[in-house]
Amino acid sequence: MDAAVEMAMHFLERHHDWAGPAVAVLAFCESVVLVGLAVPATALMIMFGTLLGLGIIDPVPVVAGAVLGAIAGDAVSYSLGRWLGPAVVYRRPLSRYRGEVAKSRLFFRRYGFAAVFIGRFLGPLRSIVPLVAGMMKMNGRQFQFANVASAAVWAPAMLAPGWLASAGVGSIASDATGFGGVMMAAFIGSVALTVLIAGFLGSRRRPGRRGRQRLS
């Protein structure tokens, strides 16, 4: 994987104009069911962020491409779920991932609308939750709202660590009102979002535990 990331970095250093389309394809593949399980999105997004921090590629097409690719990928997974229905779980190749699908279904049943937003940030469930939302006939407008909102947060949050590591504190301070400020806000926002998600999931689990204690 390290070799693939290094090759991608060398390619983009020579072909800047491909950065936007490349990150769009990456975000799309990472969000499509099954494909997303095989794509090293985190490492590659950090690589894109590093190139942004070094000033090698333009931030606007990269951020826009990441957001649009993520939205399109989740939309495809959702559409597949609505089209194929619950029976898709028993078809190859998805039948090999029944455990992940089962976890995603429980997650969706418990958290509903919030599951689509939160699922974007939960690794193995990221590309499966939209499929499950489609299988379970989630309202299309509600899904797309959660899809767009989560993609708009996820893209800069994934790029921010690489950018912060390569840009340096001086660049961050001097560009606090420009793109640097946006990436710093994205990084702080991603940390805050992680804390909020952990608190949300924890608060939803506690009542169930108390209920079980009363029954015992």
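## Fold and confidence

Helices here are DSSP runs of H or I with at least four residues, numbered from the N terminus. By that rule Ser 150 belongs to helix H9. The model is predicted. Its chain contains ten helices and zero strands, and the order along the sequence reads α-α-α-α-α-α-α-α-α-α. Of the contacts in the chain with a separation of 6 or more, 77% join residues 24 or more positions apart.

Mean pLDDT for the chain is 78, with 75% of the residues at 70 or more. Among the elements, helix H5 (residues 59–84) has the highest mean value, 92, and helix H10 (residues 179–215) has the lowest, 57. For residues 208–216 the pLDDT falls below 50, and in the model this stretch has zero contacts beyond near neighbours in sequence. Where pLDDT is low, predicted coordinates should not be read in detail.

## Burial and surface

The chain has 216 residues, and 41% of them are buried. About 11,300 Å² is exposed. Carbon and sulfur atoms supply 64% of that area.

## Nonpolar cores

The largest nonpolar core is made of 24 residues. Met 45, Phe 48, Ile 57, Val 62 and Trp 154 have the most contacts inside this core. Two or more residues each come from helix H2 (19–31), helix H4 (41–53), H5 and helix H9 (140–174). H9 provides the largest share, seven residues. In soluble globular proteins, nonpolar side chains tend to be buried together.

Met 45 shows how the contacts of one core residue are distributed. Leaving out residues up to four places away in sequence, Met 45 touches Val 23, Leu 26, Ala 66, Trp 154, Ala 155, Met 158 and Leu 159. A second core, separate from the largest, has 22 residues. Val 129, Leu 131, Phe 143 and Ala 146 are among them.

## Two buried serines

Ser 104 lies in helix H6 (residues 98–111). Its relative accessibility is 0%, so Ser 104 counts as buried. Setting aside residues up to four places away in sequence, Ser 104 touches Leu 125, Ile 128, Val 129 and Val 132. Val 129 is also a member of the second core.

Ser 150, in helix H9, is buried because its relative accessibility is 0%. With residues up to four places away in sequence again excluded, the contacts of Ser 150 are Val 116, Phe 117, Arg 120 and Phe 121.

## Salt bridges

There are two salt bridges in the model. In one of them, Arg 126 pairs with Glu 30, and the closest N and O atoms are 2.3 Å apart. This pair links distant parts of the chain: Arg 126 sits in the loop between helix H7 (113–119) and helix H8 (129–135), Glu 30 sits in helix H2, and 96 residues separate the two. The cut-off for burial is under 20% relative accessible area. Arg 126, at 11%, therefore counts as buried, and Glu 30, at 3%, counts as buried as well.

Arg 120 and Asp 74 form a salt bridge with an N to O distance of 3.2 Å. Arg 120 is in the loop between H7 and H8 and Asp 74 is in helix H5, so this pair ties together parts that are 46 residues apart in sequence. Both side-chain partners, Arg 120 and Asp 74, belong to buried residues. Arg 120 is also one of the residues that Ser 150 touches.

## Aromatic pairs and helix H7

The structure has four aromatic pairs. One of these joins Phe 117 and Phe 121. The ring centres of Phe 117 and Phe 121 are 5.9 Å apart, the planes meet at 40°, and the pair is classed as tilted. Phe 121 has 23% relative accessibility and therefore counts as partly exposed. Both Phe 117 and Phe 121 are contacts of Ser 150.

Ile 118 is located in helix H7. With a relative accessibility of 6%, Ile 118 counts as buried. Between the C-alpha atoms of Ile 118 and Phe 107 the separation is 10.0 Å; along the chain these two residues are eleven residues apart.

Conventions: Residues are numbered from 1 along each chain as its sequence is written. This is a predicted model: local features need pLDDT of at least 70, side-chain atom pairs count only at pLDDT 80 or more; totals for chains, interfaces and linings use all residues. Side-chain values use heavy atoms; hydrogens and water are left out. pLDDT is the predictor's confidence in each residue, from 0 to 100. Contact means heavy atoms within 4.5 Å. A nonpolar core is a set of buried Ala, Val, Leu, Ile, Met, Phe, Trp, Tyr and Cys residues joined through side-chain atoms within 4.5 Å. Buried means under 20% relative accessible area, exposed over 50%, partly exposed in between (1.4 Å probe, protein chains only). Accessible areas come from the Shrake-Rupley method with a 1.4 Å probe; for residues, only the protein chains shown count as cover. Rings of Phe, Tyr and Trp (its six-membered ring) pair if their centres lie within 6.5 Å; planes under 30 degrees apart count as stacked, over 60 as edge-to-face and the rest as tilted. A salt bridge is a side-chain nitrogen of Lys or Arg within 4 Å of a carboxyl oxygen of Asp or Glu.
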